[in-house]
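Visitor: I'm new to reading protein structures, and I'd love to slow down and look closely at just one part of this one. Could you walk me through it?

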Amino acid sequence: MAEKKYVYAFEDAHGLGRELLGGKGAGLAEMTHIGVRIPEGFTITTEVCALFYESGKKLPEYIVEQIFEAVKVIEKKTGKVFGGSHNPLLVSVRSGARASMPGMMDTILNLGLNDETVAALAKETGNERFAMDSFRRFILMFTNIAKGHSREEMDKMLADLKEKNGYKLDTEVTTEQLKDLVTRYKAYYKKTFGEDFPSDPKEQLLVAVSAVFKSWDNPRANVYRMMNNIPYSWGTAVNVQSMAFGNKGETSGTGVAFSRDPATGENKISAEYLPNAQGEDVVAGIRTPLHIDELKARMPKVYDEFVKTIKIMENHYRDMQDMEFTVEDGVLYFLQTRNGKRTPAAALKIACDLVDEGLINEKEAVCRIDAMSFDKLLLPGFDKQVLKETTPIAKGLAAGPGAGTGAIAFTAEEAEARKKAGEKVILVRAETSPEDIVGMVAAQGILTMRGGMTSHAAVVARGMGKCCVCGCSAAIVDEHARTVTIGDKVYTDKDVISVDGNTGNVYFGSIKTVEPDLTAGYFGRLMSWVDEYRDLKVRTNADTPLDAKQAKIFGAQGIGLCRTEHMFFAKDRIFSMRKMILADTVEEREAALAEIEPMQQSDFESLYEVMGDFNVNVRLLDPPLHEFLPQEEGLIEELALATKKTVQQVKDRIAELHEANPMMGHRGCRLAVTYPEICRMQTSAIIKAAINVSKKTGKLVEPEIMVPLILEEKELKFVKNIICQVADELIATSGLNMKYHVGTMIEIPRAALLSDEIAKEAEFFSFGTNDLTQMTFGFSRDDAGKFLPAYYENKILEEDPFKTLDQNGVGKLITLSVKLGRATRPNLHIGVCGETGGDPKSIEFYHKVGLDYVSCSPFRVPVARLAAAQAAILFPRKK
Ligand code: PEP
Ligand code: MG
C-alpha cells in the first residue's frame, strides 16, 4: 500500500490526467510543463478522497507521510521552511474536482502562520502590516472554511473597527489594529471551539486537507453534482501550493482573466486587477477590482508578460482560458488556468473562431459546445444582470425552457380570456390536466405545485417550447380561494410573477427578458458541421402543425411521435370524445367517433403537408379514457344534457372508469383491444389524410402507424389486423400504390424481452422510455417526484431516470431488444421517443446501441442534433 504514490509534485504530474489530479491539479501540472511561472506545489490525488471516506473521514498515515515528503520538496526548491522561524513557507490549500465545481470548498490562503512565523515574515519582508494582515486573513479563512464556522462575527469585528475609526478601506487599518484583531480572532476561535487556534502548521495543513475532502460531501456540492451529472464516485483532489503574495504593497496585486470575452466570445482579453490585495478580497466582494489597464499603467513590463503568457496558454489548450494570477513584488505568477465557462452564444463564436484561427478542427468545434445548455440559445431569457440582484421566492423543477412574466391566472379559461384582453399571464395550477392546454398556450409560462419532468405540464410545455416550472411544492395553490401561498406570503391574481424554466426559480414581480441573438451566423455554421458528422437522425414529437413547423425550422427530420390524444384537447373535440366514452353501444360509439374522424384527418393532412418528404409516425390513442371525462359539476351537467343521460348516469360512468392505478390500467393498445372502433377510426383518418395529401402533392405519403404499450406478438397481431383491414381497403379504393408501415412502441419490459417475436409483426420499434422507465423501476411517472429526492440525497440514484436514461437497467433492456429485434428483422427501423430522446447523455447511448433516430420535443431538436454529432465523433460506428 505504502509504495503507491498518492501525492505528486506539479512537475512530476504532467500527463497523469484530470481523473487522478482533478481539473486544477492537471492544469497546474500542465502549466509547469509548458514553462508558465507558477508557485511550487503538489497535488493529493482524487483516489485519496475515497480512501479518506473509507478510513472514517481520516487521512491514512501513509498518505500523511507522503504529504509531508512533498512539503519538504517545496521547502528545498523555495529555500523556505514550513513553520520556520526564518524565511517561513506559507501555502494555499484548494479543492480541485475533475469537473469544475463552484459549489465546493473555497481556498484557504496563508496556511502556516503562527506567532513565530508571522514575526519572521514581518522581519524578512520588512512589512509588518502585510504579515499581520495575512495572519488575520488566515485565521478567518481557517475558521470559516476548514472548520465550517460562519464568518459573520469575525467580519463584524473588522467592520466595527473600520466604522469606529472612520475607515472606508481595509488598507487603512493600521498594523497595531491588525495585531489587536488577530488577538481577538484567536480568542473568538477558542471560545467557539473550546481549544486554542492551532499553531502547528502541520496540524493546520492536515485539518485543511481533510476539510477539502469533507467538502466533497457537503450539501452545496451534492446539489451541484446532481444538477451537472457529476458522479459522486469521482472524488476531489487537493492542491497545496506555496503562496504568492499580492498584498505585499503597491508593486503587488491580484486578478482574474479570461483570454476571450466569456459573455460574447469576442477575441479580446477580459481581465480585472486589484493592486495590493489577495484574491479573497475580490471573491468576497470586499473590494471592487479595477480594469486590467491599471496593471498596464503601473507595471507595463509585467502587463506585456501577462498578455504574452495568456496567448501561450490559450494556444496550448486551444480553448478560451479562465485564469487567476498574482503579482508579488513585480513578479507575475499564474495560480491556475482552466477552460473558461461561457454563455452558449460565446461558446458558438469561440468554437467557430478557433476553427478559423486554425487552432481546432470542425469536429473539435462540435465537441466544444455544451449540449446541455444549447437550447437556451433558442429562447428569450431573463436579463442576467437583473437576476443577479433578485432573490427567488420559490424553486421547482426546470421543466420547460425559457422565461415568462405575467399576472397569476388560476384556470385555463381565465388565462385564455385575460390573454385575449391583452394581459400577460402565468398559469398557476396545483397540477395540469388535458383541459388546461388552451390556458398553457395562452400563458407566458406555467407553474405547477405537483408533477415531475414527465408530468403532463412538463411534456406539453417542452413540446411548445413554453417556459414551465413544475413540482414547486413550496407554492401552495388554492384554486377555489384563488391564492398561491409561498411561505407566509399570499399571492392573488393581481400579483405578477416571473418563472425561469432554465433554473426552476420563481420570482415576485416582472423581470425583463432578452431575445436570443442567432443572427451572427455562427449557429448555422456549427449546425452544418453537426449534420455532417452525426449518424442518428433526429425527429420530433409533435401533435400540431405549429409544433411540426417549429421543429422543422430547428432541423427535425420527421415526426417520431404524434400523440393523438393531444388532438382531442380542443373544446369542440373533447366533447365528441366524451360522447364516445359515454356511449352504451358500438353504434353509438361509432357515431361519436365519426364526428371526430374528419378533425383527426385534417390534423394529419396538415402534419403530412408540413413534413413534406419526411415521415410522420402517428401513435394510436394511449391514455386511459377517464382522463377525457370532466370533473367539474357544470361540465358534467352539460355532457348529460348533450348525451340525453342523467347527471347520475354520467357520474356513474366516470366512477366506473376510475382506476386505482391508471398508468398500469386500461390504456395503450388495450383500448384498441376492447374498443376496436377507436383503432378503426384513427387508421381511417391516418390513411385518408395520406391519400388526400398524396393526391394533392403528387408525392406518395408513407404513413407510420404506431401501436402503444404492446406486451407481445399476439396482441400486436390482433391490433395490426384491424389496422390493415381498414388501411388496405382504403388504399385499394384510392387506386394509389401507397405504402404504410405498422410498428410498435417498446414500453413494457415484457415487450423488450420478447422483441424477437414482436419483430415478426412490427416493421419498426420506438422505445417509449417514459413508460419503460416507469415499468422497469416500478416508479409511477406521476408520483415519483415525491420520493425521488430522497433517492438523490442518499445517493441511491444520481439523476432522474425519467430525464436521463438509466443505462444499467433500462438500457440493458433496450440493448437486448435491439439485438433480438434485428435478429428477426435485420432492417428493423428503431428509434426512441420518450423524454430521454432529447437528453445528450442518453443520446450518446442511443448512438452506441445502433438506433436509427431519436425523437424529441421541437425545442430539443438542435440539442439532439448536436449531441448525436458529438456521440458520432467520440464513438464512431463501424461502417
Ligand atoms: C413513453 O412512454 O416514453 C412515450 C413516449 O409515451 P407517453 O409519454 O405518451 O406515454
Ligand atoms: Mg408511453
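Which residue stands opposite Ile-559 in strand 28? And please take me from there to whatever lies around it.

Guide: Happy to! One thing to keep in mind is that this is a predicted model. The residue you're after is Val-616: that's what stands opposite Ile-559, over in strand 28. Ile-559 belongs to strand 27, which covers residues 559-563, while strand 28 covers residues 616-619. These two strands pair in the parallel sense, and three bridges link them.

Now step back a little. Strands 27 and 28 are both part of a closed barrel of eight strands, and you can trace the order as 26-27-28-29-30-31-32-33, with parallel pairing. Go from one strand to the next and the twist averages 25°. There's also a helix to spot here: helix 34, residues 861-874, lies across strand 26 (537-541) and strand 33 (853-856). Relative to strand 26, helix 34 runs at about 155°.

Back to strand 27, and follow it to its other end. Strand 27 finishes at residue 563, and Arg-563 is among the residues closest to ligand 1. A polar atom in the side chain of Arg-563 sits 2.8 Å from an oxygen atom of the ligand. Strand 28 ends at residue 619, and Arg-619 is also on the list of closest residues, together with Glu-747, Gly-768 and Asn-770.

Two further contacts are worth finding on your screen. Thr-769 uses its backbone: an N or O atom there lies 3.0 Å from a ligand oxygen. Arg-781 uses its side chain instead, with an N or O atom 2.9 Å from an oxygen of ligand 1. So how covered up is the ligand? Taken alone, ligand 1 would expose 290 Å², and the protein buries 96% of that.

Who does the surrounding? In total, 14 residues do. Strand 27 and helix 30 (769-777) are the elements that each give two or more residues to this shell. Helix 30 supplies the largest share, three residues. As for what kinds of residues you'll meet around ligand 1, seven are charged, four are polar and three are nonpolar.

So here's your route to retrace: begin at the Ile-559 and Val-616 pair, look around the eight-stranded barrel, and then head along strand 27 to Arg-563 and the ligand oxygen 2.8 Å from its side chain.

Note on methods: Residues are numbered from 1 along each chain as its sequence is written. Chains are lettered from A and ligands numbered from 1 in the order in which they are written. This is a predicted model: local features need pLDDT of at least 70, side-chain atom pairs count only at pLDDT 80 or more; totals for chains, interfaces and linings use all residues. Side-chain values use heavy atoms; hydrogens and water are left out. Two strands pair if DSSP finds at least two bridges between them. Helices (H or I, at least four residues) and strands (E, at least two) are DSSP runs, numbered from the N terminus. Axes are lines fitted to C-alpha atoms, for helices over the stretch in contact, and angles run from 0 to 180 degrees between N-to-C directions. Contact means heavy atoms within 4.5 Å. A residue is near a molecule or strand if one of its heavy atoms lies within 4 Å of it. A polar contact is a pair of N or O atoms within 3.5 Å; within protein, one must be able to donate a hydrogen and the other to accept it, and residues adjacent in sequence count only if both atoms are side-chain atoms. Accessible areas come from the Shrake-Rupley method with a 1.4 Å probe; for residues, only the protein chains shown count as cover. Ala, Val, Leu, Ile, Met, Phe, Trp, Tyr, Cys and Pro count as nonpolar, Asp, Glu, Lys and Arg as charged, and the others, Gly among them, as polar.
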